[in-house]
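The exercises below go through one protein chain, from single residues to the whole fold. Try each task on the structure before reading its solution.

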Amino acid sequence: MAKVALALKEAGSAAFLRKDFAASLQHFDSALDKLQTDPDFDELAQRESVAAVRLNRSLTLLKLGRPSEAEAECTLILSLRACTTAKASGERTIKALYRRALARKERGRLTGAEEDLLLVL
């Protein structure tokens with residue numbers, strides 16, 4: 001099942017590149033379902049894969065004009081700290097903060113957006 005989840009993640013990325021954001025979101029949602037129920041996945045690899053899919057999902061939600069959901073997704077990513085290495089954790093944290101800042105800006109929550117951007121710097 002891990003291969004299915006990763007294939008769904010790749011399909012979501014391909015749909016995103018085609019600017020088919022609705023299909024992209026469906027693929028990412030399906031990948032999350034598979035990842036979170038896959039008993040064959042190593043726990044650390046599973047958490048890292050879930051974080052990567054959630055990051056992709058947050059950008060897709062922004063493209064779909066759904067900043068509230070994108071903000072919630074990024075907040076969840078930041079609360080999980082779901083990475084196996086410090087480098088991956090740092091990269092994911094920066095992406096999540098930046099995307100949350102974009103979502104907050106879209107929602108008119110400029111103070112929160114500024115706070116996130118200051119953390120990125």
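A residue counts as buried when its relative accessible area is under 20%, as exposed when that area is over 50%, and as partly exposed in between. The model used here is a predicted one.

**Exercise 1.** State where serine 24 lies, whether serine 24 is buried or exposed, and what serine 24 touches.

Solution. Step 1: serine 24 belongs to helix H2. Step 2: its relative accessible area is 0%, so serine 24 is buried. Step 3: apart from residues up to four places away in sequence, serine 24 touches Gly12, Ala15, Phe16 and Thr60. Step 4: asparagine 56 is 32 residues away along the chain, yet the two C-alpha atoms are separated by 9.0 Å.

**Exercise 2.** Describe helix H2: its length, its buried residues and what covers them.

Solution. Step 1: H2 runs over residues 21-36, which makes 16 residues. Step 2: from first C-alpha to last, H2 reaches 22 Å, close to the 22 Å expected at 1.5 Å a residue. Step 3: the buried residues of H2 are Phe21, Ala23, Ser24, Leu25, Phe28, Ala31, Leu32 and Leu35. Step 4: the cover over these residues includes helix H1 (2-17) and helix H3 (43-63).

**Exercise 3.** Two charged residues, arginine 54 and glutamate 71, sit in helices. For each, decide whether the residue is buried or exposed, and list its contacts beyond four places in sequence.

Solution. Step 1: arginine 54 is found in helix H3. With a relative accessible area of 13%, arginine 54 is buried. Step 2: arginine 54 touches Leu32, Gln36, Glu73, Leu76 and Ile77, leaving out residues up to four places away. Step 3: glutamate 71 is in helix H4, residues 67-80. Its relative accessibility is 6%, so glutamate 71 counts as buried. Step 4: with neighbours within four places set aside, glutamate 71 is in contact with Ala103 and with the arginines Arg100, Arg104, Arg107 and Arg109.

**Exercise 4.** Two loop residues, lysine 19 and aspartate 42, are to be placed and classed as buried, partly exposed or exposed.

Solution. Step 1: lysine 19 lies in the loop between H1 and H2. Step 2: its relative accessible area is 63%, so lysine 19 is exposed. Step 3: lysine 19 is not a glycine, although its phi is positive, at about 65 degrees. Step 4: aspartate 42 is in the loop between H2 and H3. At 48% relative accessibility, aspartate 42 counts as partly exposed. Step 5: alanine 2 is 40 residues from aspartate 42 in sequence, and their C-alpha atoms are 9.6 Å apart in space.

**Exercise 5.** Summarise the whole chain: its elements, its dimensions, its burial and its charges.

Solution. Step 1: the chain has 6 helices and 0 strands. Step 2: its C-alpha trace spans about 40 × 35 × 20 Å along the principal axes. Step 3: a compact globule of 121 residues would have a radius of gyration near 14 Å, and the chain agrees, with 14 Å. Step 4: 41% of the 121 residues count as buried. Step 5: of the contacts between residues at least 6 apart in sequence, 54% join residues at least 24 apart. Step 6: the chain exposes about 6900 Å², and carbon and sulfur atoms supply 54% of that area. Step 7: there are 20 positive and 17 negative side chains, and the centres of the two sets lie 4 Å apart.

Methods. Residues are numbered from 1 along each chain as its sequence is written. This is a predicted model: local features need pLDDT of at least 70, side-chain atom pairs count only at pLDDT 80 or more; totals for chains, interfaces and linings use all residues. Side-chain values use heavy atoms; hydrogens and water are left out. Helices (H or I, at least four residues) and strands (E, at least two) are DSSP runs, numbered from the N terminus. The expected span of a helix is 1.5 Å times one less than its number of residues. Buried means under 20% relative accessible area, exposed over 50%, partly exposed in between (1.4 Å probe, protein chains only). Contact means heavy atoms within 4.5 Å. The radius of gyration is taken over C-alpha atoms; the globule rule is 2.2 Å times the number of residues to the power 0.38. Accessible areas come from the Shrake-Rupley method with a 1.4 Å probe; for residues, only the protein chains shown count as cover. Lys and Arg count as positive and Asp and Glu as negative; His and the chain ends are not counted. The place of a charge is taken as NZ of Lys, CZ of Arg, CG of Asp or CD of Glu.
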